[in-house]
Amino acid sequence: MLTFLSRRLLASIIVLLLASYLVYILSANAGDPLEQLRTSTSRNKEELIAQRIQQLGLNVPAPLRYFLWLGGVLKVFIGQFTLGQNISGTPVTADISNAVLVTIQLIIASVVLAIIFGVLIGITTALRQYSGYDYTVTFLAFLFFSLPSFFLAVVLKAYVGIAFNNYLGDPHIGWWAYVFIPLAMGGIAAGISGGTRKFRFTTFVVATLATLGVVVYVAVTNWFVTPSLGAADIVMVAIISVALALLVTVLTTGFQNRKALYTSLTTVGVGLVLYFPFMSIADRLNLGGVALLGLLAVAVGLLVGWLYGGFDRGQSMRNGAITAFLTGIVIVISRFLRSWHDYSQYVANGRPIATVGSGTPNLNSISTSFWIHGLDTYTHLLLPTISLCLISIAGYSRYMRANLLDVMNSDYIRTARAKGLNQRTVVMRHAFRNSLIPLTTIVAFDLGALLGGAVVTENVFGWSGMGLLFTNALRAVDVNSLMGYFVVAGVAVVVFNLLADVAYSALDPRIRIAA
């Protein structure tokens with residue numbers, strides 16, 4: 001494995017060097033970085049031109065200038081790494097570091113959600129092949145996959161962000177919401193559940209009535225203005241956490257593994273016991289404190305699983321860790337919702353869904369609360385994340401569906417069924433991991449590409465990330481900034497593809513990478 005990765009890394013470095021040389025030469029000859037100064041009416045125009053020529057080394061031929069730039073990059077080995085100066089005279093590394101942080105903030109949320117929902121939708125459509133649910137999801141997937149990203153971003157900005165903010169000025173739920181939303185959710189639930197006609201009809205009725213109850217609750221409590229998990233938050237936290245614990249157990253072991261079930265429910269109980277102590281110290285927490293508590297929660301889940309043990313102690317520990325993590329997320333969301341009214345009224349001026357920028361200007365002068373800052377980040381991430389997610393989910397769900405259907409027709413799957421294993425065990429323990437292998441390649445490429453910046457999405461929503469840095473550098477013929485962008489994007493592609501190679505052997509033990 002180590003030899004293989006070393007060879008891949010060496011080949012990637014050679015490709016990066018050749019590609020960087022080609023990009024540098026093309027960028028240097030793409031325009032005149034002095035054009036703006038040449039058309040200037042400033043009295044000291046000649047001095048400014050001479051200064052920029054000296055600053056950017058424009059008196060040196062482009063091929064030689066590339067090696068001067070490369071020398072600054074290679075100084076990373078002696079701790080003097082530099083990407084040169086941009087056209088304004090500031091270090092490119094400073095611009096890149098700020099832009100990368102903004103872009104990472106955007107892509108983490110979008111990629112994680114796209115993978116989760118894409119995989120789930122792909123699995124359910126594969127298991128309900130050629131059903132009405134499958135046809136509907138296939139139609140929507142091709143629709144979103146075909147939409148231009150700029151069109152989707154503009155539609156979300158106009159009809160989700162601006163329209164929802166306007167709606168909050170006079171919130172009311174129309175009659176259509178009481179009819180179409182419950183029926184749509186009932187149809188989705190019936191399509192996913194499958195089974196006999198009677199079972200699907202029962203699922204439809206239960207899901208429709210449950211959704212109708214939620215819609216009525218939202219209307220009666222004016223939930224969109226003052227969202228919360230209910231008058232007694234601890235009750236709703238308990239209900240949601242127990243439901244998640246049962247779902248985790250169903251997907252991983254089934255209820256027949258009592259040790260795993262008891263581990264999940266006990267972990268939820270521990271979380272509920274710690275609910276009020278957490279709320280009492282929440283105002284003094286920051287991101288590091290919340291992350292540390294999250295790690296402690298996962299450790300408690302592992303400990304509970306280890307104590308219950310059973311014939312498969314590892315499975316119990318895994319159930320406990322996943323349940324602890326999900327319960328912690330529910331509790332944190334509950335605390336965020338307590339700050340929603342203050343954020344909406346005093347920070348966002350009654351228009352909480354942000355349509356421009358990655359954060360509220362001068363937010364520190366308004367509030368220093370971690371929860372207010374978290375809500376501000378969330379509301380600015382919402383629309384661009386949905387924009388990126390919808391397209392990615394459409395692609396991932398199609399890949400996952402095709403991969404799972406291919407795996408389900410394999411000989412070892414037929415053997416597993418012949419041994420009497422139930423559908424859950426066959427899908428989750430045997431087919432699922434192998435069907436992820438082709439998807440891993442796609443996700444690795446997407447991660448590397450997105451780290452280079454979602455150019456269109458960032459421009460539509462006014463995010464100052466890698467995409468905006470690239471377009472600005474391209475317009476100004478700022479070669480050093482373009483090369484800084486190339487270094488980040490190229491290294492990201494190499495790193496994530498190496499990680500994909502490692503993930504292959506972890507997903508499928510049959511894969512052994514040799515030199």
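**Note on helix 17 and the salt bridges**

1. At the start of helix 17, a side-chain oxygen of S369 comes to within 3.2 Å of the backbone nitrogen of W371. Helices here are DSSP runs of H or I with at least four residues, numbered from the N terminus. The model is predicted, and local features need pLDDT of at least 70, while side-chain atom pairs count only at pLDDT 80 or more. Residues are numbered from 1 along each chain, and side-chain values use heavy atoms, with hydrogens and water left out.

2. Helix 17 covers residues 370-408, 39 residues, yet its end C-alpha atoms are only 47 Å apart, short of the 57 Å of a straight helix at 1.5 Å a residue; the expected span is 1.5 Å times one less than the number of residues. A kink of about 40° lies at L382, shortly before P384 (the angle between axes fitted to the seven residues ending there and the seven starting there).

3. Of the 39 residues in helix 17, 30 are buried (under 20% relative accessible area; exposed is over 50%, partly exposed in between, with a 1.4 Å probe and protein chains only).

4. The structure holds three salt bridges (a side-chain nitrogen of Lys or Arg within 4 Å of a carboxyl oxygen of Asp or Glu). One of them joins D134 and R401 at 2.8 Å, N to O. D134 lies in helix 6 and R401 in helix 17, so the pair ties together parts 267 residues apart in sequence. D134 is buried at 2%, and R401 is buried at 14%.

5. D411 and R414 form another salt bridge, at 2.4 Å, N to O. Both lie in helix 18, three residues apart, about one turn of the helix. D411 is exposed at 56%, whereas R414 is partly exposed at 45%.

How values were computed:
Helix = DSSP H or I, 4+ residues; strand = E, 2+ residues; numbered from the N terminus. Polar contact = N/O pair within 3.5 Å; in protein donor to acceptor, adjacent residues only side chain to side chain.
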